[in-house]
Amino acid sequence: ALLACAVAAGCSSPAAPPIQLQRNLLTVDNRTSRDWLDVQIWINQQYRLTVAKIAARSRFTATLDVFVAGFGQRFDVRRQRIDDLRLKAREADGTPVDVRFEPPKAGLTGALEGFGS
């Protein structure tokens, strides 16, 4: 039984990060048991998207072209790169929520991440 548990743990994939990017699509996964309120998602500390709430145990998706800078410019994924992506929100009791996107590691390092741990 111990061997079966060890094999199952070794074969399981690591949990997906709470912020994921796939081409022009952003997905935020709130896996917590608490709602996130007054959500602000920032690209490069310049382009922002606001959402009133991301409910507990739910996902929020948006295309990157809905992010807007201060003077109304939209983020253009074909011409701009993402150097920083973060989410700021609060829970109902005022506890801050800060989530930062960590891009996957390239090459062999990324392919082997989580292997053997």
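1. Buried means under 20% relative accessible area and exposed over 50%, with partly exposed in between. That scale is used in the points below for a model that is predicted; on it R86, with a relative accessible area of 22%, is partly exposed, whereas D84, with a relative accessible area of 8%, is buried. The side chains of these two residues, D84 and R86, meet in a salt bridge with an N to O distance of 2.8 Å.

2. For a reader new to the structure, the overall layout may help. The protein has two helices and seven strands, and from the N terminus on its elements run α-β-β-β-β-β-β-β-α. Of its 117 residues, 26% count as buried, while the accessible surface of the protein comes to about 8,200 Å², with 54% of that area belonging to carbon and sulfur atoms.

3. As to how the chain is connected, among contacts between residues at least 6 apart in sequence, 52% join residues at least 24 apart. Several of the side-chain pairs described below can be read with their place in the sequence in mind.

4. One sheet deserves a description of its own. It is an open sheet of three strands in the order β1-β2-β5, and the pairing is antiparallel. Because β1 (19–22) and β5 (58–63) stand at the edges with a single partner strand each, one side of each is left without a neighbour in the sheet. From one strand to the next, the twist averages 20°.

5. Strands of a sheet pair through backbone hydrogen bonds, in either a parallel or an antiparallel manner. Here β1 and strand β2 (residues 25–30) run antiparallel and are joined by four bridges; to give one residue pair, I19 has V28 in β2 as its bridge partner.

6. Turning to charged side chains, the count comes to twelve salt bridges, where the rule asks for a side-chain nitrogen of Lys or Arg within 4 Å of a carboxyl oxygen of Asp or Glu. One of these pairs is D38 with R90, whose closest N and O atoms are 2.8 Å apart. Since D38 lies in strand β3 (residues 36–43) and R90 in strand β6 (residues 85–90), the pair ties together parts that are 52 residues apart in sequence. Both ends of the bridge are partly exposed, as D38 has a relative accessible area of 45% and R90 one of 32%.

7. Strand β6 also takes part in a salt bridge between the side chains of D98 and K88, for which the N to O distance is 3.2 Å. This pair, too, links distant parts of the chain, with D98 in strand β7 (residues 96–100) and K88 in strand β6, ten residues apart. D98 is exposed, its relative accessible area being 54%, whereas K88 counts as partly exposed at 38% relative accessibility.

8. Salt bridges can also be followed beyond a single pair: D29, R31 and R59 are linked in a network of them.

9. The last point concerns aromatic rings, for which a search of the whole structure finds one pair. The ring centres of Y47 and F75 are 5.4 Å apart and their planes stand at 75°, and because planes over 60 degrees apart count as edge-to-face, the pair belongs to that class. Y47 lies in strand β4 (residues 47–54) and F75 in the loop between β5 and β6, so that distant parts of the chain, 28 residues apart, are linked by the pair. Both Y47 and F75 are buried.

Terms used
Residues are numbered from 1 along each chain as its sequence is written. This is a predicted model: local features need pLDDT of at least 70, side-chain atom pairs count only at pLDDT 80 or more; totals for chains, interfaces and linings use all residues. Side-chain values use heavy atoms; hydrogens and water are left out. Buried means under 20% relative accessible area, exposed over 50%, partly exposed in between (1.4 Å probe, protein chains only). Two strands pair if DSSP finds at least two bridges between them. Axes are lines fitted to C-alpha atoms, for helices over the stretch in contact, and angles run from 0 to 180 degrees between N-to-C directions. Contact means heavy atoms within 4.5 Å. Accessible areas come from the Shrake-Rupley method with a 1.4 Å probe; for residues, only the protein chains shown count as cover. Rings of Phe, Tyr and Trp (its six-membered ring) pair if their centres lie within 6.5 Å; planes under 30 degrees apart count as stacked, over 60 as edge-to-face and the rest as tilted.
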